[in-house]
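I opened this notebook to keep track of what I looked up in the structure, step by step. The entries below follow the order in which I went through the chain.

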Amino acid sequence: MISKLIWRIIYYTMKKDIHPKYYPNAKIQCACGNTWTCGSTKEFIEVEVCSKCHPFYTGKEKIIDAMGQVQKFRKRLARKEEMKKRKK
Ligand SMILES: [Zn+2]
């Protein structure tokens, strides 16, 4: 008869084998070209935004761009409204 403790050891060792390898210096690369290291189970990670290029951190530039898109959308909407009025 196997005791609970042995079962626990077997379970632990099995779990340890399944567990992916941990890379303490995994490389993370952003779409903007920024790279940094971080502990991860993957050796190399690619991300689309990071703290250097995310609008929340970079501030002005991208927010202005987003505002431009909003204005474009409003213009398009206004044009549609005009078309509706013309049809009547
Ligand atoms: Zn980035």
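**Entry 1, the order of elements.** I read along the sequence and noted the pattern α-β-β-β-α-α, which gives the chain 3 helices and 3 strands. I wrote beside this that the model is a predicted one, and that residues are numbered from 1 along the chain as its sequence is written.

**Entry 2, the sheet.** Next I asked myself in what order the strands of the sheet lie. I found an open sheet of 3 strands with the order 2-1-3, in which the pairing is mixed. Strand 2 and strand 3 are at the edges with a single partner strand each, so one side of each has no neighbour in the sheet. I also looked up the angle and noted that neighbouring strands of this sheet are turned against each other by 35 degrees on average, direction ignored.

**Entry 3, strand 1 with strand 2.** I then took the pairing of strand 1, residues 23-30, with strand 2, residues 35-40, which is antiparallel and runs over 5 bridges. Looking for residues that face each other across this pair, I noted that tyrosine 23 stands opposite serine 40 in strand 2, and that alanine 26 stands opposite cysteine 38 in strand 2. The two strands form a hairpin with 4 residues between them, and in that turn I marked glycine 33, whose phi is positive at about 105 degrees.

**Entry 4, strand 1 with strand 3.** In which sense do strand 1 and strand 3 pair, parallel or antiparallel? I found that strand 3, residues 44-47, pairs with strand 1 in the parallel sense, over 4 bridges. Here lysine 27 stands opposite phenylalanine 44 in strand 3, while isoleucine 28 stands opposite isoleucine 45 in strand 3.

**Entry 5, two residues of strand 2.** I went back to strand 2 to look at two of its residues, beginning with threonine 37, whose place is in that strand. Threonine 37 counts as exposed because it has 11 C-beta neighbours inside 10 Å, and the cut-off for exposed is 12 or fewer. Leaving aside its neighbours within four places in sequence, I found threonine 37 in contact with Asn25, Ala26 and Lys27. I also looked up its separation from tyrosine 23, which lies 14 residues away along the chain, and the C-alpha atoms of the two are separated by 9.7 Å.

Glycine 39 is also found in strand 2, and glycine 39 is exposed because 9 other C-beta atoms lie within 10 Å. Its contacts, again leaving aside neighbours within four places in sequence, are Tyr22, Tyr23, Pro24 and Ala26. Glycine 39 and tyrosine 23 are 16 residues apart in sequence, and from C-alpha to C-alpha they are 5.6 Å apart in space.

**Entry 6, burial and contacts over the chain.** How many of the 6 residues of strand 2 are buried? I counted 0, and so noted strand 2 as hardly covered. For the chain as a whole, buried residues make up 0% of the 88 residues. Last, I looked at contacts between residues at least 6 apart in sequence, and found that 0% of them join residues at least 24 apart.

Note on methods:
Predicted model: local features only at pLDDT ≥ 70, side-chain atom pairs only at ≥ 80, totals over all residues. Pairing = 2+ DSSP bridges. Buried ≥ 20, exposed ≤ 12 C-beta atoms within 10 Å, placed from the backbone. Contact = placed C-beta atoms within 7 Å. Axes fitted to C-alpha atoms, helices over the stretch in contact; angles between N-to-C directions.
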